[in-house]
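Work through these exercises with the model open beside you. Try each task before reading its solution.

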Amino acid sequence: MSALAIRGLSKSFGDVPVLHQLELEVEQGSLVAILGASGGGKTTLLRLICGFERQDAGTISIGGQLASGPDLHRRPEQRLIGYVAQDGALFPHLSVGRNILFGLDRNARREHRRAEALLELVGLPISYAARPPQELSGGEQQRVALARALAPAPSLVLLDEPFSALDAALRAGTRRAVADALSRAGATALLVTHDQSEALSMGDRVGVLRHGRLVQIAAPSELYCHPVDAELARFVGEAVLMEGHVTGPSVACALGRLVLASATPDGPVMVMVRPEQIVVGPLSGSGCDARIASVSYYGHDASLGLVLPMLETPLLARVGGAQALSFRDGDAVRLSVEGTVVAFPRTPGQ
Ligand SMILES: Nc1ncnc2c1ncn2[C@@H]1O[C@H](COP(=O)(O)OP(=O)(O)OP(=O)(O)O)[C@@H](O)[C@H]1O
C-alpha cells in the first residue's frame, strides 16, 4: 500500500495553472524528493497534501484513506502529517524539549524521556532538551524541527526546502542527519527542493516537476543517467548536448562513435554526455582531437572548456583537481568517452 497516492491533481490560482493532472505515489518508509524550479508549484503541492488548500480536481489518499477528493476534504489536523518548514519555525519562548513535544497531548508532553529519545533519533545530545532553540546552530534547529514533526508518529513527513536557509558547510551534514533520522524512524517522507544535489543525495526516488506535472520520477541514478529529454538532462546536473546520428546501437557525433545506453530509433538526435564521462588524455592516446580553452580549478575537481574542430561552442569536461594541474590553456589533447550515452530523437526543424 502507498503511504501517499495522488491522482489527477490540478490546481490553479485565478487563471494561472500551477499543478496539472499530477500523479504521484510514495511507498511506505521511503523518501521521495520533488525537484522543481522556483515558482513551479512545490509548496502548493505540499499545502494541498496538508489540506491548507483545496485542489480543483483529483484525489489525495494518505495511508490508504482518501484525504481529499471532489466530495471530501479532511481538515489538516485529521491527516496526521508532520511538516518541516524552510526555517524550522521553532517557538523561541519554549525550550527545545517543549518544542519537540508541542503537538502531543498533555500526558505525552510530560514524558521528558520521549523528547530525549527524539533528540537521540535526530543525532543531538539529550542535554539540548533544556536549551532555548536560539542557542542552537541553524542545522541543529532543523533537526529539532524534524524531531518535532516525528513526535506524533505521523503517517507522512513533508519537508519544504528544509536546508535552504543553511550555509553550505552545515547543509551537507544536516541533510545526512535528517535522512538517517527519517530512515531510523521508518518514516515516509516527501521533500521538495530546487537543489538537484539535495534531491539526488536524499531521495530514494526523485520526481521532476515541470509545467505542473511530474515529467519523470525515478531512482536518482536512473534520472541522472537516463533523463527523458534534453531539458531534464540540463536541469538535473550539467550536460553536454550535441547533434548526432544514430545507427543501430551507436551514435556518431563530434566526440566520435559512442555506445547508446538504450535502444534509440535510427536518425538525427541530440546526444547527452555528462562532463565527467569525458576522459581528457595526451595526444598519444586514442580518441578525437581537442584544444583546452579554459581551466577552472575548484580543488577537489576542475572544469575544462574544450574546443573541438566540429563544434561551434566549447564543451565542458570535468576532471580531478590533481589532473587539472597538468593542463594549460591552448594544450592539444585527445578525448574519449567513458560509459554509454543517451540520445533524444530530433524532430524535423529542431
Ligand atoms: N495563494 C496564492 N494565490 C495566488 N497565487 C499563488 C498562491 N500560492 C502560490 N501562488 C502562485 O503559484 C505559483 C507556484 O507557487 P509555489 O509557492 O507553489 O511554488 P514553489 O515551487 O514552492 O516556489 P519556491 O521554490 O520559489 O518557493 C507561483 O506563481 C505563485 O505565485
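**Exercise 1. Overall build**

What percentage of the 350 residues of the protein chain count as buried?

Solution. Start with the source: this is a predicted model, in which local features need pLDDT of at least 70, side-chain atom pairs count only at pLDDT 80 or more, and totals for chains, interfaces and linings use all residues. Residues are numbered from 1 along each chain as its sequence is written. A residue is buried if 20 or more other C-beta atoms, placed from the backbone, lie within 10 Å of its own, exposed if 12 or fewer, and partly exposed in between. By that count, 39% of the 350 residues are buried.

Next, check confidence. The average pLDDT of the protein chain (the predictor's confidence in each residue, from 0 to 100) is 91, and 98% of the residues score at least 70. The model has ipTM 0.96 and pTM 0.88.

Then take the secondary structure. The protein chain has ten helices and 21 strands. These are DSSP runs numbered from the N terminus: H or I of at least four residues for helices, E of at least two for strands.

**Exercise 2. Domains and core**

Identify the domains, then find which of them the largest nonpolar core draws on.

Solution. The bounds, from an automatic or database domain assignment, give domain 1 (2-225) and domain 2 (240-345). Their C-alpha centres are 39 Å apart.

Now the core. A nonpolar core is a set of buried Ala, Val, Leu, Ile, Met, Phe, Trp, Tyr and Cys residues joined through C-beta atoms within 7 Å. The largest has 93 residues, and Val157, Leu158 and Val271 have the most contacts inside it. Helix α5 (residues 138-150) gives the most to this core, six residues. Domain 1 and domain 2 each supply at least three residues to this core.

Finally, inspect Val271. Contact requires C-beta atoms, placed from the backbone, within 7 Å. Beyond its neighbours within four places in sequence, Val271 touches Leu241, Met242, Gly244, Val251, Cys253, Leu258, Val341 and Ala343.

**Exercise 3. The ligand shell and α1**

Which helix gives the largest share of the shell around the ligand? Is this helix enclosed or not, and why?

Solution. List the shell, using C-beta atoms placed from the backbone and within 6 Å of the ligand. The residues are Phe13, Val18, Gly36, Ser38, Gly39, Gly40, Gly41, Lys42, Thr43, Thr44 and His194. Sort them with Ala, Val, Leu, Ile, Met, Phe, Trp, Tyr, Cys and Pro as nonpolar, Asp, Glu, Lys and Arg as charged, and the others, Gly among them, as polar. Two are nonpolar, eight polar and one charged.

Helix α1 (residues 42-50) gives the largest share, three residues. Seven of the nine residues of α1 are buried, so the rest of the structure largely encloses it. The buried ones are Lys42, Thr44, Leu45, Leu46, Leu48, Ile49 and Cys50. Gly51 follows α1, with a positive phi near 100°.

**Exercise 4. Positive phi outside glycine**

Where do Gln21 and Leu80 lie?

Solution. Gln21 has a positive phi near 50°. Gln21 sits in strand β2 (residues 16-27). Gln21 is partly exposed, because 13 other C-beta atoms lie within 10 Å.

Leu80 also has a positive phi near 50°. Leu80 is in the loop between β6 (72-73) and β7 (81-84). Leu80 has 16 C-beta neighbours inside 10 Å, so it counts as partly exposed.

How values were computed. A residue is near a molecule or strand if its C-beta atom, placed from the backbone, lies within 6 Å of it. Two residues are in contact if their C-beta atoms, placed from the backbone, lie within 7 Å.
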